[in-house]
Amino acid sequence: MIVVGLSSGTSADGIDVAAARFALDGDLVLLTPLGHRTEPYPGDLREEIRAALPPARTTMEAVCRLDTRIGRAFADAALRAVGELAGGRADLVASHGQTLFHWADQRADGATVHGTLQLGQPAWIAEATGLPVVSDLRTADVAAGGQGAPLASLLDALLLGARPEPTAALNLGGIANVTVLRAGEAPLAFDTGPGNALLDAAARRVSGGRADFDADGALARSGRPDPALLKHLLAEPYYRLPPPRTTGLELFGPGYLDAALRATGTPDDGDLMATLVELTAATVADALRPHGVVEVLASGGGTRNPVLMERLADRLRPARLAAFDALGLDSDAKEAYLFALIGFLTWHGLPGSVPSCTGARRAPVAGRLTPGASPLRLPEPAATVPARLRVGARDRRAPDPHPPE
């Protein structure tokens, strides 16, 4: 079956869209990419989302408006994807939506997640495309005692689990997360801390709101880490919590940066950006060091910051830092393909998370189903839980996501 996956990360940069053909063969899932793209949020929707993100206060009117507007934006993106990426035919849409809140308590003995909220009403997607929609992909894991994240560990474990060397998959979104895979051991995953969240908040701060990020890491390259600020940031108790642990803008939002600068003073713009680059690199490397990984495969928006990648490579040595793209999935679209995979598994009655990674008591089937134009007719549940994922060669009939200039 052909599934369209939709996602928007904590940075709210836009809607990541991917289409893929899936097949089951015993314990093997075959994923053939059909194409992907990033759709910008229309008009002022992006700023409306950011205005409602923690620690901002909001209203039920704003929540209702966002649920509707995000749902309609996702519906438009899904409809275009069916026509332009899937060749006019798809069987299912899997929508992660836009995370607005992740309700987590941090204690010395670990983190507990009580709930998680993703907006983007799936009825709009079903109405626009006529297809059934799998949505609300994290809550079942939370209800089973898990963190509801990092769900990327599912794709990572299926794709990388057979590697003989200890390997880590790293996603550098607004929040950075890792999956650690060691032969003979259950996979482990957790959020390391801020990926781009504080860097982007600083870019908006120093540019007066004109820039959402430090393009090519130019400002960070011009400065040096401020020792006092870096020491203060590294003292954050979150970094010493045992896995599984997850976090979000509820902790590492713009207010967190403001409080740190009030405590230590504000360095020059270049030094501020260099300090936050060093914070992300240090916290990722420190989190992975105890696991003895020999290779780290990176994806996410942070991979486009060359200064961050240089500092990560230096901090991670002797482990090798490489791009996730080498595995056949464009790193920019990894999460959209992930949610397409989860939707496919849900359709076949299969689990959508890995308990050793999220901390859940069991591996539940993820999400809820919204019918499309026709009544729901689910297949018989698959008899075998997948243990492997193979990425097929990209279907050349699909448009190139990176066409030549």
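Buried means under 20% relative accessible area and exposed means over 50%, with partly exposed in between. Keep those cut-offs in mind as you go through the close-ups below, which come from a predicted model.

**Figure 1. Asp136 and Asp216, two loop residues with positive phi.** Asp136 has a relative accessible area of 24%, so it counts as partly exposed. You will find Asp136 in the loop between strand 6 (133–135) and helix 4 (139–143). Its phi is near 55°, a positive value in a residue other than glycine. Asp216 sits in the loop between helix 6 (197–206) and helix 7. The phi of Asp216 is near 60°, again positive in a residue that is not glycine. With 56% relative accessibility, Asp216 counts as exposed. As background, most residues other than glycine have a negative phi.

**Figure 2. Two cis peptide bonds, each leading into a proline.** The bond from Pro54 to Pro55 is cis, with omega near 10°. Pro55 belongs to the loop between helix 1 (45–52) and helix 2. Arg317 and Pro318 are also joined by a cis peptide bond, and here omega is about 15°. To locate Pro318, look in the loop between helix 11 and strand 11. For context, most peptide bonds are trans.

**Figure 3. The two domains of the protein chain.** Domain 1 is made of residues 2–149 + 335–391, and domain 2 covers 158–327. Their contact takes 31 residues from domain 1 and 22 residues from domain 2. The C-alpha centres of the two domains lie 24 Å apart.

**Figure 4. The second largest pocket, set between the domains.** Both domain 1 and domain 2 give residues to the lining of this pocket, so it lies between them. Its volume is about 310 Å³. The lining has 21 residues, and those nearest the pocket centre are Ala157, Leu158, Pro187, Val354 and Ala387. Sorted by class, the lining holds 15 nonpolar, two polar and four charged residues. Which helix gives the most to the lining of the second largest pocket? That is helix 5 (residues 152–160), with four residues.

**Figure 5. Helix 5 and its buried serine, Ser153.** Nine of the nine residues of helix 5 are buried, so this helix is largely enclosed by the rest of the structure. Among them are Ala152, Leu154, Asp156 and Leu160. Ser153 also lies in helix 5, and its relative accessible area is 1%. The side chain of Ser153 reaches the backbone oxygen of Pro150 at 2.7 Å. Leaving aside residues up to four places away in sequence, Ser153 touches Thr179, Ala189, Val354 and Cys357. Val354 appears in the pocket view too, as one of the lining residues nearest the centre.

**Figure 6. Leu66, a buried residue of helix 2.** Helix 2 spans residues 60–84 and includes Leu66. Is Leu66 buried or exposed? Its relative accessibility is 2%, so Leu66 counts as buried. Not counting residues up to four places away in sequence, Leu66 touches Leu45, Glu48, Ile49, Ala52, Gly71, Leu100 and Leu119. Take Glu48 from that list: Leu66 and Glu48 are 18 residues apart in sequence, and their C-alpha atoms are 7.7 Å apart in space.

**Figure 7. Asn171 of strand 7 and its polar partner Ser299.** Asn171 lies in strand 7 and is buried, with a relative accessible area of 7%. Which residue joins its side chain to that of Asn171 in a polar contact? The partner is Ser299, at 3.2 Å. Beyond residues up to four places away in sequence, Asn171 touches Ala176, Asn177, Ser299, Gly300 and Glu335.

**Figure 8. Helix 11, its start and its buried side.** At the start of helix 11, a side-chain oxygen of Asn305 comes to within 3.1 Å of the backbone nitrogen of Val307. Helix 11 covers residues 306–316, and Val307, Leu308, Met309, Leu312 and Leu316 are buried in it. What covers these buried residues? The cover includes strand 7 (167–172), helix 7 (218–221), helix 10 (269–288), strand 10 (295–299) and strand 11 (320–323).

Terms used: Residues numbered from 1 in each chain as written. Predicted model: local features only at pLDDT ≥ 70, side-chain atom pairs only at ≥ 80, totals over all residues. Heavy atoms only, no water. 1 Å grid on protein atoms, 1.4 Å probe; cavity = no way out; pocket = protein on both sides within 12 Å on 5 of 7 lines; lining within 4 Å. Points joined across faces, edges and corners; volume = space filled by probe spheres on them. Helix = DSSP H or I, 4+ residues; strand = E, 2+ residues; numbered from the N terminus. Nonpolar A, V, L, I, M, F, W, Y, C, P; charged D, E, K, R; others polar. Domains from an automatic or database assignment. Buried < 20%, exposed > 50% of the residue type's maximum accessible area, 1.4 Å probe, protein only. Contact = heavy atoms within 4.5 Å. Polar contact = N/O pair within 3.5 Å; in protein donor to acceptor, adjacent residues only side chain to side chain.
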